Amino acid sequence: MVVLHLAWFDGNLVLWGESPREAAAAQAPAHRGRKQVEKTAVASYPFGADPEVLDAALRDAGVVVEAKRAARRGAMAWLPTQGSVPIASSPLVAEAPQAQGEIALVPWRIEAMALMPAQAVDLLCRCAEKPTLAPGVLVGRDVAFWAQALRFAAALVARQQYLPAIEARDGGHRACWEPVFAGADAERLAALAKAMPAVARALGAADATTAPATPPAEVIREFLGAMVDHLVRSAASGRATAWEPVGGTSASRVPSERWAETPRPRRGRPRKKPAFDSVHDQWLHALRSPDGLMEGDEAELAQLAEQVREWRRPLSVSVAAPFRLCFRLEEPESGLEAEAGRTRKRSDAWHVRFLLQAVDDPSLLVPAEDAWAARGSAVSVLRRAGYSAQEHLLSSLGQASGICPRIEAALKTQRPSGYELDATGAHEFLTQRSLLLEQAGFGVLLPAWWTRTGTKLRLALRASVKSPKMQGGSGLSLDEVVHVNWEVALGDERLSPEELDALARLKTPLVRVRGQWVQVNAAEIQAALDFWRKKGTETLTARQVVQMAMGATDAVSGIPLAGIEADGWMGDVLRQLDGRAEIGEVPVPQGFVGTLRPYQARGYAWLAFLRQWGLGACLADDMGLGKTIQALALFLRDWEASGAGILPAGRRDACPTDRRRPVLLICPTSVVSNWRKEAERFAPSLPVMVHHGIERKRGEEFVAEARRHALVVSSYSLLNRDIEHLKKVPWLGIVLDEAQNIKNPETKQARAARSLAADYRMALTGTPVENNVGDLWSLMEFLNPGFLGSQADFKREFFIPIQTNRDPEAAGRLRRLTGPFILRRLKTDKSIIADLPEKQEMKVFCTLTREQASLYAAVVKDAEGALDGAEGIQRKGVVLATLSKLKQVCNHPAQFLGDNSAIPGRSGKLARLAEMLEEAIEVGDRALVFTQFAEMGAILKRHLEETFGREALFLHGAVPKAQRDRMVERFQADGGPPVFILSLKAGGTGLNLTRANHVFHFDRWWNPAVENQATDRAFRIGQTRNVQVHKFLCAGTLEEKIDEMIERKKEVAAEVVGTGEGWLTELSNQQLKELFALRAEAIGE
Amino acid sequence: MSRWGRRRYYDDDWGYYRHFAPSRPREAKGGIKAQTKRGGFGQSWWAIRWIAVLESFDIGARLGRGRSYARSGQVTHLEVGEGTVTARVQGSRPKPYDVVIKVATLSAANWKKLAESLGKEALFAAKLLAGEMPENIEDAFKTAGLSLFPGKSKDLVTDCSCPDWSNPCKHIAAVYYLLGEEFDRDPFLIFKLRGMTREKLVALLGAKPPAPPKPGAASEPAPPAEPLPAEPGTFWGAGDAGEMTLGEVRIPPAAAALPRRLGNFPFWRGAEGFLDAMEGIYAAASPAGLAVLLGERKNEEAGA
């Protein structure tokens, strides 16, 4: 395991890492030896990761690592140290020392690697918003910080906020691109500097005697400068290959060489100096060259640098200014009242005021009058080093006057402070000038009623839709053609054409209607009138109307769309879709065993409603709320309605058997068994076919078999591999479980899912889909193709505004658009809690991997041989040993083999556990994981830590009491580790772990009493939430069979199995053979 | 005075010959090339006025040749000082000719009078500081009894070391044209020619100038050092880095707005037009920046 760190040092982003001591000690004993000898030398950091580890981590992440080793060498990191013990970044690396004493910064020697800008960009792009880069490669907080900073640099490049420059460097000159931090970007720069973790600047020179102290503001500036320079330069050089003169060499890269302390000029063949006609040609060339170096007459280059500074001065003056010119539009105290078409002119004009607004405190506004007169508090406020308020005010006004002629007119006095304007002017200012001024970097303050989104009253279209008569009850669909009547409204008021005309005649774009300013635009009125005349009514499909109503279109013919009203069934559909009306109850299918909780019944009805209209639905309930059951109820309903199963009398004839079509359910391999088991339990009349494993059917045989079933369960990997077979079946529905698997629309799975035709589509997921804007498109494109527009449209309209600017308008629109199709309930919702038992027990059926299956078979074979002829104690020993071995195989091959081999991808149980924990952790839940094997606990700890990049606590018998108490305390504390692994023996009693709301039994004790005792660690006094208990079983193995036996005699179970597993030794050889035998369904792929 | 020294044409046969059959100038590499490819030099009214002064002299074909000199980059050096312009122009001889233009400067008293006149409307100073010449600035000069452009012929003296007998010659004309173009970009240039730098003018207009930035060094003083915190939580970054909005990010419809706002590079001598080159680079860099912002970057660069 390695935790990656990045620090800015000597003009480079430098990568280093921390690894737990075992690894560090095993791999780098030399360092420790040296430490003993040279007492005066700086000690090497005991948790420092080896360069090979860093290389491997980078390579795993797909970052190209140069073979050249010049970029790598020892460095000095100043780290918090107590006594002589360094304090690592995370308990995953090393527990904090328990020692008392002062913490001070002490230099430690580390192995580090300077990244080239391209590598840095690559690495940071991959690290963005992820706790791990790969299993076992953890992303330090500093790395996350740099990733965020890189995004800022990238935004500056995208928005073109940079200028060419020339800098003096190492006695020479270098052409470069420098970011320009104007307005809000200056605030962002300051915010980043403030957020920088200290470790990001904690590397020092080898001979330094004091800790580095470069201020964060300077460090972040250097970093952003380097990144902007790199991004622009590489884009520019990509374009300019044809233009580039011979001799430009890309081999000479400054950073690595500087790092290697190689003084310029370079080694090797002398750099061929390209000949330039002028220093300007040279500059332009260097701006596009890989290193930007400029060689030549130093005096001439210095002169060029001066010219560049001079050229940039107008901008640097305004950018560096601590204030910016700001325009405030002030409304008249009383304006035009429009009442029934009459206007009465009252006094007053609107005003635009000139103000100086402090960049670092936008609420600090100094009126221009005060700045001219230099009076009052303005004097002290405006007095800043190197700043002339009057000159700045004048030059800003001069620039603004080019944008807005009225400002120019206002400057005809000696000390302008603002100007007056009428309603037309005010409207023009609101709608046009203010945008231009803002774009040019000026501040603009507009009345609240204008800027508040959503409350702006303006002319809008409303549609009213007449539903066609229902014909015979069925056959209604969204392809139905409906008639739409268009109306024009202002706010809530409908306007007649005459009223519209009257408004147009007012010839004033801003009208106060009942105390509120309303924007009425003559052109818009005209457009509305024209539109009205042309298509007062039109016909659309019901689907178009639904899309319009959900907000997919916000304007028709350029006029804003305010809303759609519909009568009849269309109205019902629309109201039900956007949640204004309840969706009626749907009777539970007759063959359904068990009862749906109230919220599950609602979810089932909702699924049935959307399915009825052929609209895709995503059920995104929290883990444990029973998505499976709700979906099964729907499948069963369809199956029964198609004439199969138990049908109400009289319906049987109406539904010929050829209408029976299967539903395809795609899920991760790890839950295939679980679906089959859940279907058996809740919908036993539903024929389920598992399309999985090597023996699966193909071609016509598959189609025929599939059509005999109601539900075909298969996995994501087969979705892609068997797509040609899958396409041949006329599916009733396509359902994706754990639908986050198609979040990337480009993957083969996502493409395959979209390519399958069916009457309806459904997605199930427990992750908060609505929070991952980027993933929504793919999901919606599967559910309701075309609804969110093309991927490019989506990116432009939603993804970029929300991702980069958290644009609330775009986010709101997206929510309105997708909301009707996503149902997500949290187990913490008040209405849900009431429906949930305080303790929910669930069995989780897992699948064996092929490796597990063959190990299992081998153990069974051995056991059968050993059992023959064995008697008494010996026989008992064989049985118990076999039981134990089989359980180990079910847990993990590495546990069974005890060979410390690789962990990922070898255990079905572990895969499922990781999936479920990921969901739980994502919503902030905490979990206890019980196992009866200490070795398995260690494997779990390692795997979960490497997967989630978070510490997992592990309590086993060997943990001393003090440490045990500390673990409990940490788990119970805010922000503590989310997962606590306990060996059943060590953690079964006496602990109070109420912070957990999930309990996982990774393997089984076959003793309900013991398990319950363990479960009660979480379910105790002080537990405020509902607790979910997940009992893991490998389907088709002895785990499932023993579970069945216990279930069968539950009443007597306590007596029979009360003493542990001993009772199993009483079984006959034949019974044992049956118990051990592996059913075919157990194996995954 | 060396001013008329170029009339040495009598002891130079070539000059006489060239009068009849003008030769081609030597190719000058890396000279200042006028950015306007056709039409007049300078679009602003004051640049046009400046060129008009030149064109009022009846010097025949020299005007046209001066224009093509300005376009082909024959002027290899040009420096504007208070009241003087010095330039080097590559003609047909190996050694470039030296051109000097002297403009009479205004006296301190005159400047003061002008400042009073300009101070009546904030617009003058505002426009000037924003890099524009106020439309009615000549009225302000007139009010003060002055003139922005050199009015009398003795206020404008030109000189060239070439053998041509005409003054202005084509070399002077070329410099004139280039100046006209530069006037567009920087209205203060004309004030500088009349003896008033930007700083002095701003001060005169009543706005207190800021302390001049130290040349060479970064304009800000070095920020004070900030020692690293030793507390482990703070050191390793326990606090949330905090989400930050990046503002509205879209690729600007017109590329290279910032360089455009600053205008063409003064006396550009590159083979490629400066703003054209900038536009190409900015347009290419925007999508690259957006891709990195959205994390779409593959290792294209590193692999190269």
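**Note on the predicted two-chain model**

1. Buried residues, meaning those with 20 or more other C-beta atoms within 10 Å of their own (exposed residues have 12 or fewer, partly exposed ones lie in between, and C-beta atoms are placed from the backbone), make up 45% of the 1085 residues in chain A. This is a predicted model, in which local features need pLDDT of at least 70, side-chain atom pairs count only at pLDDT 80 or more, and totals for chains, interfaces and linings use all residues. Residues are numbered from 1 along each chain as its sequence is written, while chains are lettered from A and ligands numbered from 1 in the order in which they are written.

2. Chain A has 42 helices and 39 strands, these being DSSP runs numbered from the N terminus (helices are H or I, at least four residues; strands are E, at least two). Of the contacts in chain A with a separation of 6 or more, 73% are accounted for by residues 24 or more positions apart, a contact being a pair of residues whose C-beta atoms, placed from the backbone, lie within 7 Å.

3. Confidence deserves attention before details are read: the mean pLDDT of chain A (pLDDT is the predictor's confidence in each residue, from 0 to 100) is 81, with 86% of its residues reaching 70 or more. Among the elements of chain A, strand 28 (residues 663-667) has the highest mean pLDDT, 95, and helix 8 (residues 254-259) the lowest, 40. Over residues 23-39 of chain A pLDDT stays under 50, and the model has nine contacts beyond four places in sequence for them; over residues 335-345 of chain A pLDDT also stays under 50, with 19 such contacts.

4. In chain A, the axes of helix 19 (residues 542-550) and helix 20 (residues 568-577) come within 11 Å and cross at roughly 35°, where axes are lines fitted to C-alpha atoms over the stretch in contact and angles run from 0 to 180 degrees between N-to-C directions. The crossing is right-handed, that is, the near helix is turned clockwise from the far one by less than a right angle, anticlockwise being left-handed. From helix 19, A:A542, A:V545, A:V546, A:A549 and A:M550 meet A:M570, A:V573, A:L574 and A:L577 of helix 20. By class, this contact has nine nonpolar, no polar and no charged residues (Ala, Val, Leu, Ile, Met, Phe, Trp, Tyr, Cys and Pro count as nonpolar, Asp, Glu, Lys and Arg as charged, and the others, Gly among them, as polar).

5. The contact between the chains takes 92 residues from chain A and 78 residues from chain B. On the chain A side, helix 5 (residues 141-158) gives the largest share, 12 residues, and the residues of that side divide into 52 nonpolar, 23 polar and 17 charged.

6. Chain B is divided into domain 1 (2-204) and domain 2 (248-303), with bounds from an automatic or database domain assignment. In chain B, 10 residues of domain 1 are in contact with seven residues of domain 2, and helix 7 (residues 170-185) gives the most to the domain 1 side, three residues. The peptide bond from B:N167 to B:P168 is cis, with omega near 5°, and B:P168 lies in the loop between strand 4 (156-160) and helix 7 of chain B.

7. Two backbone values merit a check. A:D10, in the loop between strand 1 (2-9) and strand 2 (12-18) of chain A, has a positive phi of about 55° although it is not a glycine; A:D10 is partly exposed, with 15 other C-beta atoms within 10 Å. A:N900, in the loop between helix 34 (893-897) and helix 35 (908-922) of chain A, has a positive phi near 60° and counts as exposed, with 10 C-beta neighbours inside 10 Å.

How values were computed
Contact = placed C-beta atoms within 7 Å.
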